Amino acid sequence: MGLQKNSSLTYAWPMLSSRRSVLLSLACLAVALAVVGALAFAPLERRYFARQAEQDAVPLKLAAESLRAALERYAPLPALIAQRPLLTEVLATPKDPALLARLNEDLRQTAAAVKASDVFLMDITGKTLAAASYLSDESSIERNFSYRAYFAQALNGDLSSFQVHGTTTGDQGYFYAAPVEEGDRIVGVLAVRFNIDAFESVWRGADSAFLVMDRNDFILMSSRADWHFRAMRPLSAATQDIIEKNLLSPIDRIELLPITARALGPSVDYLRIEGDRFESFVMASLDMPDRNWTIASLSPTRPATVNALRTLSIVGLTLLLGLSALLAYLLRYVRQAERIALQERSQKALEQAVAERTADLRKALADLKRTQTELIQAGKMAGLGQMSAALSHELNQPLAALKTYADNARAFLARDNVQATDENLERMSRMVDRMASISAHLRNFARRPQQTVGPLSLEGVIQDALAVMDVRLEAEGGRIAYTPPRAPVRALGGHVRLQQVVVNLINNALDVMEGQDDPVVSITLKGSEIEVRDTGPGIDEAILEHLFDPFFTTKAPGKGLGLGLSISYNIVRDFGGTLTAANHPEGGAVFSVLLKPAPSERVAAQ
C-alpha cells in the first residue's frame with residue numbers, strides 16, 4: 001500500500017505542476033489584457049466623444065440658423081418704423097401730450113403686431129420720449145440711453161444691433177436701432193427690443209445644453225440659467241470696461257465659470273465644470289462670423305463613457321470567454337493523462353457502485369410497489385371490516401330461512417306433498433343464489449388487483465360498486481341516486497381498483513350523512529368523469545388542501561385511519577386521471593374522478 005501511495009504521488013506531482021503552469025500563464029495573460037484595456041479606454045472614450053460631437057453637429061447648425069433667422073427678421077423693422085411722419089412730429093414738439101399719446105399707442109400696437117417686447121423713440125440726447133411699454137411700470141420713458149453703443153451707432157446714421165441685459169426690466173434683450181431723419185438731418189433714434197428667452201426655452205427641451213458666446217468667450221445666451229453672463233475664460237480689464245460701458249450685463253454678476261478644457265479636435269472640446277456638482281461635457285461649437293459669436297452645444301459625456309465601457313466590456317468578455325475556452329482545453333489536455341491512468345480503477349469502482357445502487361433502487365421500487373399494493377388491499381379490508389356487521393346480518397338471514405325451508409321440506413316429504421316440497425326447494429335455491437352473489441361481489445372486491453391499465457366500462461364499475469354497497473345500504477338505510485347513461489362510457493383504468501375508489505367515496509358520503517333520516521348519495525356519470533355527491537355539512541375550506549394527505553381524517557377516533565382518500569387519490573393518478581373535492585353550491589360535498597377517455601379497445605384491466 002505504501003509503495004502504491006508513493007507511486008501515485010510521484011505520478012500526480014507533474015500533473016499538479018502542469019496545472020499550476022497553465023493557470024499562472026493564463027493569469028498573466030489576463031492581467032496583460034486588463035492593462036491593455038485600461039490603456040485603451042482613454043482613446044476609445046475620445047473616439048466616442050468625437051462621434052457624439054458629430055451627432056450634435058446637425059442640431060447645432062439648426063439652432064444657429066434658427067437664431068440667425070430670428071435676429072434677421074427684426075433687422076429691417078427700426079428703419080421702416082423710423083420713416084413714420086408721426087415720429088418727426090413728436091421730435092419737433094416733444095411736449096405735445098396728444099402727439100405723445102398717439103405715438104405711444106401706435107408703438108404699442110406695432111410691438112404687438114411684430115411680437116417685440118418694446119419699441120421706443122429717443123431724441124438726439126438719448127432721452128426716451130415715447131415707448132410701446134408706456135402702460136407698464138417698467139416703461140423706459142424719460143430714461144436716457146445715450147451711453148448705449150447701439151444709440152451712438154444709430155446717431156451716426158448706421159443700423160446697429162446689440163445684445164444687452166435690460167437695465168429697466170432685468171431681462172435679456174436684443175436691440176436694433178435706426179436713425180430718425182428729417183431731410184438730411186438726424187433728429188432721433190428708434191430702437192426695437194425683443195426678448196431672447198424664447199430661444200433658451202426651446203433649447204432647454206433638447207438633450208444637449210446650448211450657449212452663445214462673444215469673441216471674448218463671454219456667455220450671452222444659454223439654456224442653463226446658472227451659466228448666464230459668465231465668462232468661459234478670464235476677462236481682461238479692457239474687456240470688462242466694454243461690457244460695463246455697453247451694459248451687456250451688470251458687472252457685479254460676471255463670474256468665471258470654473259472650466260477645465262481639453263481640445264478633442266476641430267471645434268470639439270472636452271469641458272469639465274466644477275462647482276456645486278461635477279459635470280463634464282463634449283462641446284461642439286460653430287462660429288457665427290456675421291455677429292462675432294460662437295454657438296455651442298454641450299452634451300453630457302456619460303453616454304460616450306458608458307459606450308466606451310460597454311465596448312471594452314464586450315471585448316473583455318469575449319476575450320474572457322476565449323481564455324476560459326483555452327483554459328478548459330488546456331486543463332482537459334492535462335487531465336487526459338490522469339484519466340487514462342485512473343480509468344481502469346475508476347471504471348471498476350463505478351461499475352460496482354452502479355450495480356449496488358441499481359440493486360438498492362430495484363429493491364426500494366419493489367418495496368414501494370408492494371407497500372402501495374398492501375395499502376390498497378388494507379383499505380379494502382378495512383372497508384369490508386366496517387361492513388362486517390351488515391354482512392353477518394345479510395348472510396344469517398338467508399341461512400335461518402334455509403333451515404326453516406329445509407325443515408318444512410322434510411315435513412312435506414313425510415306427508416308426500418311433492419308440490420309444497422318443490423316450492424320450498426325453489427325458495428332455498430334463490431336464497432343460495434343471493435348468498436353466492438354477495439359472496440362473489442365481496443370476493444372480487446377483496447382480491448388483489450393487477451397493475452395494468454386499459455379500457456373499461458365505467459357503467460360496469462359503478463354497478464359492481466353498488467352491488468358491494470347494497471349490504472350496508474340495507475343494513476343502515478340510505479339511497480343511491482344514479483341514472484345509468486344511454487350509451488356505454490369507456491375510459492382508461494383498472495376495474496377492481498376503480499371500483500374500490502367508488503366504494504370508498506360512497507362509504508365516506510354515507511359516513512358524513514350519519515344521523516340523517518334519509519341520506520342520499522348522488523352519482524353522476526358525465527363522459528369520463530364520475531361525480532359522487534353527499535348532502536352533508538360540506539368540507540371546511542381550511543382542510544381542503546390536506547384532504548388527500550395520508551393519515552389525515554376528520555372522523556372520530558376509531559372511525560378510520562385517514563388512508564382511504566389518499567389511496568384513492570394515488571389509484572386515480574396511476575390511471576393518468578385526477579381526483580378532486582369541492583363544496584356543492586346547494587350544500588354538501590362533491591368528489592370528481594376524471595379519467596382519460598379510452599382511445600382504442602384494449603384488454604380490460606383489473
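**Figure 1. Contacts across the whole protein, in a predicted model.** Among the contacts whose partners have a separation of 6 or more, 62% join residues 24 or more positions apart. The chain behind this picture has 606 residues, and 39% of them count as buried. Its secondary structure comprises 13 helices and 20 strands. About 33900 Å² of the protein is exposed, with carbon and sulfur atoms supplying 57% of that area. The views that follow pick out a few places to visit.

**Figure 2. Helices α12 and α13 pack against each other.** Two packed helices are described by the angle between their axes and the distance between the axes. Here helix α12 covers residues 495-512 and helix α13 covers residues 564-574. The angle is about 145°, and the axes lie 10 Å apart. The crossing of α12 past α13 is left-handed. Which residues meet where α12 and α13 come together? From α12 come R497, Q500, V501, N504, L505 and N508. On the α13 side they meet G564, L565, I567, S568, I571, V572 and D574.

**Figure 3. A salt bridge links D511 and R472.** The view stays with α12 but turns to another partner. The side chains of D511 and R472 meet with an N to O distance of 2.6 Å. D511 belongs to helix α12 and R472 to helix α11 (residues 458-476), so this pair ties together parts that are 39 residues apart in sequence. Is R472 buried or exposed? R472 is buried, because its relative accessibility is 8% and the cut-off for buried is under 20%. D511 is partly exposed, with a relative accessible area of 22%.

**Figure 4. R68 and E65 form a salt bridge within helix α1.** This pair is one of the 13 salt bridges in the structure. The N to O distance between the side chains of R68 and E65 is 3.1 Å. Why are R68 and E65 separated by about one helical turn? They sit three residues apart in helix α1, which means that about one helical turn separates them. R68 is buried at a relative accessible area of 15%, whereas E65 is partly exposed at 39%.

**Figure 5. E279 and R224 are joined by a salt bridge.** Their closest N and O atoms are 3.0 Å apart. E279 lies in strand β12 (residues 279-288), while R224 is in the loop between β7 (219-222) and β8 (230-231), so the salt bridge ties together parts that are 55 residues apart in sequence. How accessible are the two partners? E279 is buried, with 15% relative accessibility. R224 is buried too, with a relative accessible area of 16%.

**Figure 6. A nonpolar patch on the surface includes V31.** V31, V35 and L39 together make this patch, which has an area of about 300 Å². To find V31, look along helix α1, which runs over residues 2-74. Is V31 buried or exposed? V31 counts as exposed because its relative accessibility is 53%, and the cut-off for exposed is over 50%.

**Figure 7. V306 and E45 are paired here across 261 residues of chain.** How far apart are the C-alpha atoms of V306 and E45? The separation between these C-alpha atoms is 8.8 Å. V306 is part of helix α8, which spans residues 302-386. With 30% relative accessibility, V306 counts as partly exposed.

**Figure 8. K115 and E142 are shown for their backbone angles.** K115 is not a glycine, although its phi is positive, at about 60°. The residue is found in the loop between α4 (97-114) and β1 (118-123). K115 is exposed, with a relative accessible area of 65%. What is the phi of E142? For E142, a residue other than glycine, phi has a positive value near 75°. Look for E142 in the loop between β2 (128-131) and α5 (149-155). E142 is exposed as well, at a relative accessible area of 54%.

Terms used
Residues numbered from 1 in each chain as written. Predicted model: local features only at pLDDT ≥ 70, side-chain atom pairs only at ≥ 80, totals over all residues. Heavy atoms only, no water. Patch = residues over 30% accessible without salt bridge, like charges linked within 9 Å, V, L, I, M, F, W, Y side chains within 5 Å. Areas by Shrake-Rupley, 256 points an atom, 1.4 Å probe, with all protein chains shown as cover. Salt bridge = Lys/Arg side-chain N within 4 Å of Asp/Glu carboxyl O. Helix = DSSP H or I, 4+ residues; strand = E, 2+ residues; numbered from the N terminus. Buried < 20%, exposed > 50% of the residue type's maximum accessible area, 1.4 Å probe, protein only. Contact = heavy atoms within 4.5 Å. Axes fitted to C-alpha atoms, helices over the stretch in contact; angles between N-to-C directions. Left-handed = near helix turned anticlockwise from the far one by under 90°.
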